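User: Please take a close look at the internal cavities of this model. I should like a connected account of the residues and elements that line them, and of the packing around them.

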Amino acid sequence: MAILGLAMAAFILAAEAAAMASAASLVTFIFGDSLTEVGNNKYLQYSLARSDYPWYGIDFPGGKATGRFTNGRTIGDMISEKLGIPSPPPYLSLSKYDDALLTGVNYASGGAGILNETGLYFIQRLSFDDQIDCFKKTKESIKAKIGVAAANKLCNEAMYFIGLGSNDYVNNFLQPFLADGQQYTSDEFVELLISTLEKQLSMLYQLGARKVVFHGLGPLGCIPSQRVKSKTGQCLKRVNEYVLEFNSRVKKLIATLNRRFPRAKLTFADTYGDVLDLIDNPTAYGKFCHLSFFRRKISSFPEQFLFYFPGFKISNTSCCNVDTTIGGLCLQNSKLCSNRKDYVFWDAFHPSDAANAVLAEKFFSTLFSGPPSVAPKPSP
């Protein structure tokens, strides 16, 4: 659920033009949880954090579940589309000899957290430590393909997107039957998260990561799985306060690491306010679309005619009628809403494809102000 404020239109066009010009050379590595997963957990035989159920992917090309935890595309998919590059494939779908390793990989795993104990009841998932270890193996494979110097250059110039922390709260600290919620106060828990994250980001730097974007957490107290815990159905203020403290601490950590590490360009994407606005004011996110968008089908209207697409209608519950007592995912026997574009949330945790499109549009406008990295070709 990560977004940033809209930049000026001129900046968007300039960034998009620059990115499209070098689209084939952009290398991206994605680390995260179910918000950015594209199918890694499908390859974990015993994982309970999976979305290979019929309704997932209903609005994805082909209409079938792909391992994405939404009805369509993730924000990462949409940013890749805007750049004209393929969305990075799931790490577990590749062999160590695959040439796709040279153009970017997605390590995200549903249920993953900053802490290794987060999501333990999902049996199998790739924690952030696991994902970093997978990236380490990726780099070794890249070295074997193109040599040490070229591999180091690729990793130094690649972009790294990290979105983690939601599960550390939703599927760890906030669960009364798990140890961390009983063992730590909220202040102690955020301290544990930050100290662990510091070591993890330092490890990524040692492995070559220089251009890193860390997505701050959105208002977790407002997602459907948390709202049902409120007697009035409102956002849980206490949970949102935890999130704001976490975001503040990560922002300070990013600033510290930028001072500590030479050539580091770490960025904290503080997305909380914009995500909250989408939830609080869903109907405000309508848009006008010029007739040229429809020119092939409708040619009799004036050139200046605009179509208006209404905003979202519902943001306090999910399109898929989920059972939050057993996890809140959209199962095959669940009933769907009549219009999926009316809803901000797809299930109890994840945005819909339509909401992701809004978030991606805003997020993209803040990225790619510099030239993307070059993806070397494998040696013969």
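Analyst: The lining of the largest cavity comprises 16 nonpolar, 14 polar and one charged residues. The model in which this cavity is found is a predicted one. The volume of the largest cavity is about 410 Å³. Among the 31 residues of its lining, Leu-35, Thr-36, Ile-75, Gly-76 and His-215 lie closest to the centre. Four elements each contribute two or more residues to this lining: the strands β1 (28-32) and β3 (159-163), and the helices α2 (75-83) and α11 (353-364). Of these, α2 provides the largest share, with five residues.

A search of the whole structure returns two cavities of 30 Å³ or more. The second largest has a volume of about 40 Å³. Its lining consists of Ile-162, Leu-201, Leu-204, Tyr-205, Ala-209, Val-212 and Leu-266. By class, these are seven nonpolar residues, with no polar and no charged residue. Helix α7 (residues 186-206) supplies the largest share of this lining, namely three residues.

The packing around these cavities can be followed through the nonpolar core. The largest nonpolar core holds 96 residues, and those touching the most other members are Phe-29, Phe-31, Phe-135, Tyr-160, Ile-162, Tyr-169 and Phe-246. Ile-162 thus belongs to this group and also lines the second largest cavity. Tyr-160 merits separate attention. Beyond its neighbours within four places in sequence, Tyr-160 contacts Phe-29, Phe-31 and Phe-135, together with Cys-155 and the residues Gly-208, Ala-209, Arg-210, Lys-211, Val-212 and Val-213. Two of these partners, Ala-209 and Val-212, are also part of the lining of the second largest cavity.

Tyr-169, another of the core residues that touch the most other members, leads to Leu-174. Leu-174 is situated in the loop that connects α5 (166-173) with α6 (179-183). Because its relative accessibility is 13%, Leu-174 is classed as buried, the cut-off being under 20%. When neighbours within four places in sequence are set aside, Leu-174 contacts Tyr-169, Gln-226, Lys-229, Arg-238, Val-239 and Tyr-242. One of these partners, Val-239, is 65 residues away along the chain, and its C-alpha atom is 8.5 Å from that of Leu-174.

Note on methods: Residues numbered from 1 in each chain as written. Predicted model: local features only at pLDDT ≥ 70, side-chain atom pairs only at ≥ 80, totals over all residues. Heavy atoms only, no water. 1 Å grid on protein atoms, 1.4 Å probe; cavity = no way out; pocket = protein on both sides within 12 Å on 5 of 7 lines; lining within 4 Å. Points joined across faces, edges and corners; volume = space filled by probe spheres on them. Nonpolar A, V, L, I, M, F, W, Y, C, P; charged D, E, K, R; others polar. Core = buried A, V, L, I, M, F, W, Y, C linked by side-chain atoms within 4.5 Å. Buried < 20%, exposed > 50% of the residue type's maximum accessible area, 1.4 Å probe, protein only. Contact = heavy atoms within 4.5 Å.
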